[in-house]
Amino acid sequence: MKKLLVILLLMMFIISIIEAKVDLNTATLEELKTLLPITEQQAADIYDYRFFNSFFQSIFQLREIESIDQETLNLLKPLVSVSHYDEKDESAKRRDDIYYLIERLGSNEGLQEGMSDIWEDYLISPRNINKLAFSDILNFPNTSPIDVAAILNRVVHGDSISSYYDLRKSPGISYYGAKNLQNYIYYKEQPEVRDLYFDYQLKYNDSPYEDNVKEMYMESMIRYADGTPSVKNQSYWGYFNMESDRASMMNKLRMRYKNQFKAGFLYETPKGSTQIFDSNYRNLYEEGKFYVGYENNLELLGNNFIKVYAGNFRATFGEGLVMENTDSYSPRKTGYGFNKRITGIIGDISRTQEYALRGIALDWKRNNMNAVVFLSSDKKDAVVYDSNENGELDENDNILGYINLTNRFSNDELEEAEEFFNDYVGNENQVKIAPRLDVLQEDIIGGHFEYSPFIGTHIGVTGYEATYDREFVVPDELIELLISDIDYYDKWKITDNEITSMYSTNTEEYGDRDYRRVVGFDWRTVLNNTSIQGEYAELQKDGDLGKIGDDPSALIISSYTQFDNLYLLTIYRDYDLDFDNPYHRSFSESERFDDTVFEKMTYGLNNTLLNDMYNNSAQPSAEKGIYFETRYQFHRMLTLTKGYLDIWERKSDARRGVRAQVNLEFKPIHQLRFRLRHKHQVKRYDDEMERGKSQADETELKFITYLSNFDKLQLGYVYARVLQPPYLSILSNPAEPGGADMAQAQTLTDGDMIYLDYTHNFNKNLKVIGAFAMWYSNGGSFWDFEDIELDFDLSDRGYKTWFNIHSRIADNLFLSLKYKYKKFITRELEFRYYNDIPESGEYYFQRVEREENIVRLQLDWKF
């Protein structure tokens, strides 16, 4: 104890000495004059050296001053100190101030990935709020049309906004709207920023294939007439030895000069694909993505604003009915809050591959008008089938549809695998339909014109025409083509209407054509604190282009009302089954091909890779419904953070569903919060006797405490259950006296999970985020957010732990390193018997343990 006391006293003495020293980099002239060993002139010389030359990196740097000799330096050593000081320009200082925002944007995945690049540019080089158009402000994150109208109604009358405080006084603007804008804009004089920026990003991820993808690859391609079970190497998984597939890697480089000239390049190698260092220049061009762009500011050409992009670009207009080219699907994408879409043209080096546009695009704005023209020419992956019945898939065969492949095997590799399967002794399943890379030439010409008669109101027209070098045809014998065995034909259900309704360029109705044409119009108007917007689009088939209602169509209308502590959002949508627009990305509950054979029948398909038609579908399902969403703060301690209700009908089978969720937060003090979330969903809610009816409920209780230094702890519990009818095979002998089978009316699957999340900031440049979770399930499943990723746990029981280190290694270098360990018990799919149960009575192997060790690395170099 005495030793500890002595050590503490010694540390306090040392600290007192350090604190008493004069810091040469921060001391004022008067403080320097208090140093007794030197004269006032020597103090002035030290001050002038720091002011006119540079800050001190070492005490010995004093010898560079003519009036300071070695004797004076020796006298000063115990009296002065030199703190670490970085000479940074305004851009570097601004980056320091908004580091937490840049970190959050830089790690975004999926839909917001490409948009994050744009928002980060605005963070580093903010824009003048007094000179922006309506769509420019609306494209900032978490701003509403009401907020934008409130700003422009001031500016247009000559009342310029001069500060954040002034912005907050704008009549009609919300607190959150102003707060979210403040880091992206300036008011009077533009902050000093660097002219030239470079941003390099590297991502490495060795996550395993998702369960549904793994099942697709492991399902055998061999079908024996006598029902003999197949073995592992008779699948794509075994043929390509996918157990040893390499991790995915992404390299991205962006350049920007004065926020006007922009360029970018991306090369991604998904899991199991060829790495960038193994690629030739041709692969880099064909498989990589790039753009060069120019955006002028308003001062150069008066009231004109022009954007020109060449290479890969993203085009988004209205509510996403006609055009929004991304490979990602997002359920319930409202267009508000975190579900934002950036309208107009932007450069695109996101990971979108199948629906990427490559060509040239021009976006011109003047006063109250906006015109966009874009041209794209690119090769697309597609599903090809043996339409000429010559026993092989060749360039003369028809296309069934686009496909976004999980693993893009080369065409030579696919053909060799198919030949191996077809020639396998005893195989009854001959491949006659398969995906192919870059087999479809797609040339697009499109445009958008928008007119705004007054602030907050516009009407726009959007359209595109895609021409092809091959025909899209949905054959009459579609069931025989997709399903390999006649015994499985009964698996074809009414929901598969979504497959038969796919677009064809050659039909009896309108003959032969080589194009797909989609046109539509959108609108918006802001009335006080309410914004009303919508879009209507048609896919031209045999109707008149100038007539509304005679072709497959899609409609979406929404209203958004905003108060200080409340918002109300209502969305109505109605999408026809035949509205097969591959660039349609509007609001929906489920993606296209949900509940079809592309999702439900890995084991029965002629080619198991067709599961990717559903796995990576980006189009919304054909549905009709109405959606309500709100947020309301009842009291400073109690807030309904989000509540929504969706009632819809699926067009393929007229199935009606309802989904509701309520999120409540109780905050007795700022550092302590309790959150309750409950989700309720019913399918076939209108028919109690329908076998397809199911009910799912999920409840989550979370306790959060905020500690010092922005540290955080979260403890949560989740319980989920699903009530659904039994499989018909279970009811083969219901409740018969003495029978072996048990009568069963409903099946209950449930499970629960408990987790602990933590965030610890070691300092402003280093933090760690992590969690530990364990679950027990009887057929249930859980979605779990892991910092910036979403994990789906579908296993009997298990546990996992992960941590993610975020470090600012240097001023311009950022590191994110995630490690996850997961151990769980599941059932490995190997053989399937449906008409003849094997002697063991098992459809699957017994429960087995699985382990996963996952590493994810991200490096960002900004200079």
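This report describes the nonpolar cores, salt bridges, one buried serine and the internal cavities of a predicted model.

**Nonpolar cores**

The largest nonpolar core holds 76 residues, and those that touch the most other members are Ile137, Ile151, Met323, Phe374 and Tyr464. Helix α9, which spans residues 145–155, gives the most to this core, contributing seven residues. A second core, separate from this one, comprises 44 residues, among them Tyr209, Val213, Leu478 and Tyr488. Within the largest core, the surroundings of Met323 can be followed residue by residue: once neighbours within four places in sequence are set aside, Met323 is in contact with Ala315, Thr316, Phe317, Leu357, Phe374, Tyr464 and Tyr583. Two of these partners, Phe374 and Tyr464, are themselves named with Met323 as residues that touch the most other members of the core.

**Salt bridges**

Side chains of opposite charge can pair when their charged atoms come close. A search of the whole structure finds 38 salt bridges, and three of them are set out below with the N to O distance of each pair.

| Acidic residue | Basic residue | N to O distance |
|---|---|---|
| Asp594 | Arg650 | 3.5 Å |
| Asp595 | Arg655 | 3.2 Å |
| Glu851 | Lys823 | 4.0 Å |

In the salt bridge between Asp594 and Arg650, distant parts of the chain are linked, with Asp594 in the loop between β21 (566–575) and α18 (597–600), Arg650 in strand β23 (residues 638–650), and their positions 56 residues apart in sequence. Asp594 counts as buried because its relative accessibility is 10%, which is under the 20% limit, and Arg650 is buried as well, with a relative accessible area of 3%.

The salt bridge between Asp595 and Arg655 likewise links distant parts of the chain, Asp595 being in the loop between β21 and α18 and Arg655 in strand β24 (residues 655–669), 60 residues apart. Here Arg655 is buried, with a relative accessible area of 7%.

In the third pair, Glu851 and Lys823 form a salt bridge whose closest N and O atoms are 4.0 Å apart. Glu851 lies in strand β34 (residues 848–862) and Lys823 in strand β33 (residues 813–826), so the pair ties together parts of the chain that are 28 residues apart in sequence. Lys823 is partly exposed, because its relative accessible area of 24% falls between the limits of 20% and 50%. Salt bridges that share partners also join Asp594, Asp595, Lys600, Arg650, Asp653, Arg655 and Arg684 into one network.

**Ser235**

Ser235 has its place in the loop between α12 (211–218) and α13 (236–239), and with a relative accessible area of 1% this residue is buried. The side chain of Ser235 reaches the backbone oxygen of Tyr217 at 3.4 Å. Apart from neighbours within four places in sequence, Ser235 is in contact with Tyr217, Met218, Glu219, Ser220, Met221 and Phe421.

**Cavities**

The count of cavities of 30 Å³ or more comes to 11, and the largest cavity has a volume of about 190 Å³. Its lining is made up of 20 residues, of which Tyr355, Tyr402, Phe593, Met613 and Gln619 lie nearest the centre of the largest cavity. The elements that give two or more residues to this lining are β13 (399–402) and α19 (612–615), with β13 providing the largest share, three residues.

Terms used
Residues numbered from 1 in each chain as written. Predicted model: local features only at pLDDT ≥ 70, side-chain atom pairs only at ≥ 80, totals over all residues. Heavy atoms only, no water. Core = buried A, V, L, I, M, F, W, Y, C linked by side-chain atoms within 4.5 Å. Buried < 20%, exposed > 50% of the residue type's maximum accessible area, 1.4 Å probe, protein only. Helix = DSSP H or I, 4+ residues; strand = E, 2+ residues; numbered from the N terminus. Contact = heavy atoms within 4.5 Å. Salt bridge = Lys/Arg side-chain N within 4 Å of Asp/Glu carboxyl O. Polar contact = N/O pair within 3.5 Å; in protein donor to acceptor, adjacent residues only side chain to side chain. 1 Å grid on protein atoms, 1.4 Å probe; cavity = no way out; pocket = protein on both sides within 12 Å on 5 of 7 lines; lining within 4 Å. Points joined across faces, edges and corners; volume = space filled by probe spheres on them.
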